[in-house]
Amino acid sequence: MLLDRGSPRASSSGSQLAIMTRVLTLAWLFVLAACRTVPASDEIPQFRQGVASVDQRTEQAFAEINAFDRQRMVEYASSQKALGEALFEQVLEKGATDKWKRAFGLIDQYSKLLQELLDPNVREGVHTELVALGEQFGKVRNNELPAGVASGFATLGGLLVQMKAEKDALAAIRAADPGIQATFASMASAIGENDTEGIRAVNAAAWLQVLKERDAAFRETKTSDLTKRREIATLYASNMDERDAQDRSLDSIRRSLELLGQSHAELAEGRTQSAASLLALVNAEYARWSTTKSTIEEAREAAAEAEGAGK
Amino acid sequence: MNDNANDAAQKNMSLQELQQALVLQHRALFERLSTTESVEDASAISLEMDEVYLRIRVCGRLLFRQTSEAIDRQIEGVLAASDQLQASINSIARLVDLIKAISKFLGVVDKILDKVKLI
């Protein structure tokens with residue numbers, strides 16, 4: 001029913017509406033304050049970035065390990081009577097590495113959806129539409145709504161949507177957490193806690209094969225040929241450096257996976273500050289890994305120089 | 001292969017334990033190589049190392065395959081959470097669409113009423 005602007009009923013109804021709005025807003029603000037901390041939109045992009053960096057490092061590490069193992073198998077095959085495909089099967093086969101790729105992709109997709117849900121623009125969009133709706137209500141009643149009421153409803157509406165989004169985000173994080181923990185734990189285990197386990201063990205063994213070959217070359221060189229022997233000894237030392245740096249690189253990836261798992265567990269508990277600290281450590285691990293990669297490159301260059309000098 | 005590695009293979013060891021035993025065997029051979037002066041002994045140890053390395057590779061390959069299959073199963077829980085998130089995003093989008101539709105409807109009503117007032 002349309003009420004005349006000047007009617008007592010209209011002004012009484014308007015002030016009641018304003019009071020009710022203020023009470024409701026305060027009530028919801030109390031509820032908001034009582035709610036467990038939900039991830040702010042900052043932690044999720046950091047988590048996503050951490051996952052992307054580990055994905056990239058893992059892919060690179062797998063390619064290097066397979067290439068390095070291939071060289072070892074070529075050496076072994078050259079001493080055999082015949083060749084066969086079985087000799088050259090990849091140690092980290094494609095079907096298996098594809099599963100890692102899929103897992104990282106799904107975690108990225110999940111993080112992207114979290115980011116989208118927690119985007120402050122979502123609340124702004126709702127707020128804007130509610131403001132427009134409020135204006136329309138005013139026109140239909142043939143008077144303006146009491147000052148601030150339309151805006152109050154729009155703000156309340158926006159807050160309610162934000163609350164729903166944050167509640168849904170936290171529920172999803174908690175639902176995903178067991179899968180995330182299990183996945184990252186399996187990945188870390190596959191890499192190996194030390195160089196007698198997992199991929200690290202295979203890589204370390206491959207390097208021992210290289211050192212064995214250097215040793216054989218050294219033994220075959222006449223003791224009078226000091227230049228050649230010095231060159232081989234330099235190569236041996238460079239190979240040791242490269243081996244150690246590569247193992248540190250793999251350990252860095254393992255450590256990053258553990259940190260990502262821990263940070264997600266903190267997000268699931270609503271502890272955003274702890275999560276943020278852990279994600280900062282993931283970044284630090286990436287920086288450490290980058291430095292290690294430089295060390296590997298330097299060792300390779302030193303080895304190439306030593307080999308070139310002897311020619 | 002030495003006695004430890006043989007025992008490990010014969011017992012129903014886990015693949016991880018077998019890999020670890022082989023790796024330690026491989027290192028033990030390398031240590032022996034570094035102290036051997038005889039060319040024949042060095043050659044024999046080198047061949048043994050090759051054979052042990054092959055088995056380390058096979059273990060590593062099987063372990064990696066097993067773990068990757070486990071990862072493929074474990075990630076399904078994240079997929080379910082993503083579906084939840086998408087549903088939540090869709091419901092907010094529907095709310096916005098609803099609000100827009102109501103605003104538009106009221107705009108149309110307003111124009112009709114304006115015309116009625118003129119009559």
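How many residues of chain B are in contact with chain A, and how many of chain A with chain B?

1. **Extent of the interface.** The contact involves 56 residues of chain B and 69 residues of chain A. The area buried between the two chains is about 5,400 Å². Carbon and sulfur atoms give 65% of that area.

2. **Confidence.** This is a predicted model. Its scores are ipTM 0.82 and pTM 0.82. For chain B the average pLDDT is 86. In that chain, 88% of the residues score at least 70.

3. **Polar links across the interface.** Between chain B and chain A, 22 residue pairs are in polar contact, with both residues at pLDDT 80 or more. The interface also has eight salt bridges by the rule used. One salt bridge between the chains joins the side chains of R65(B) and E93(A), at 2.4 Å from N to O.

4. **What chain B brings to the contact.** Three helices of chain B each supply at least two residues of the side that touches chain A: α2 (15-35), α3 (39-74) and α4 (76-118). The largest share comes from α4(B), with 23 residues. By residue class, the side of chain B that touches chain A divides into 23 nonpolar, 20 polar and 13 charged residues.

5. **Salt bridges over the whole model.** The count over all chains is 26. Among them is the pair R57(B) and D69(A), whose closest N and O atoms are 2.6 Å apart. This pair crosses between chains. R57(B) sits in helix α3 of chain B, and D69(A) in helix α2 of chain A. As a general point, side chains of opposite charge can pair when their charged atoms come close.

6. **Aromatic pairs.** There are five over all chains. In one pair, F68(A) with W207(A), the ring centres are 4.4 Å apart. Why is this pair classed as tilted? The planes of F68(A) and W207(A) meet at 40 degrees, so the pair counts as tilted; stacked would need planes under 30 degrees apart, and edge-to-face over 60.

7. **A link within chain A.** The F68(A) and W207(A) pair connects distant parts of the chain. F68(A) belongs to helix α2 (residues 43-78) of chain A. W207(A) belongs to helix α6 (residues 198-220) of chain A. The two residues are 139 residues apart.

8. **Where to look.** For the contact between chains, start with α4(B), the source of the largest share of the side of chain B that touches chain A. Then see R65(B) with E93(A), and R57(B) with D69(A). For chain A itself, see F68(A) and W207(A).

Conventions: Residues are numbered from 1 along each chain as its sequence is written. Chains are lettered from A and ligands numbered from 1 in the order in which they are written. Side-chain values use heavy atoms; hydrogens and water are left out. Contact means heavy atoms within 4.5 Å. Buried area is the accessible area (1.4 Å probe) that two parts lose on being put together, summed over both. A salt bridge is a side-chain nitrogen of Lys or Arg within 4 Å of a carboxyl oxygen of Asp or Glu. A polar contact is a pair of N or O atoms within 3.5 Å; within protein, one must be able to donate a hydrogen and the other to accept it, and residues adjacent in sequence count only if both atoms are side-chain atoms. Helices (H or I, at least four residues) and strands (E, at least two) are DSSP runs, numbered from the N terminus. Ala, Val, Leu, Ile, Met, Phe, Trp, Tyr, Cys and Pro count as nonpolar, Asp, Glu, Lys and Arg as charged, and the others, Gly among them, as polar. pLDDT is the predictor's confidence in each residue, from 0 to 100. Rings of Phe, Tyr and Trp (its six-membered ring) pair if their centres lie within 6.5 Å; planes under 30 degrees apart count as stacked, over 60 as edge-to-face and the rest as tilted.
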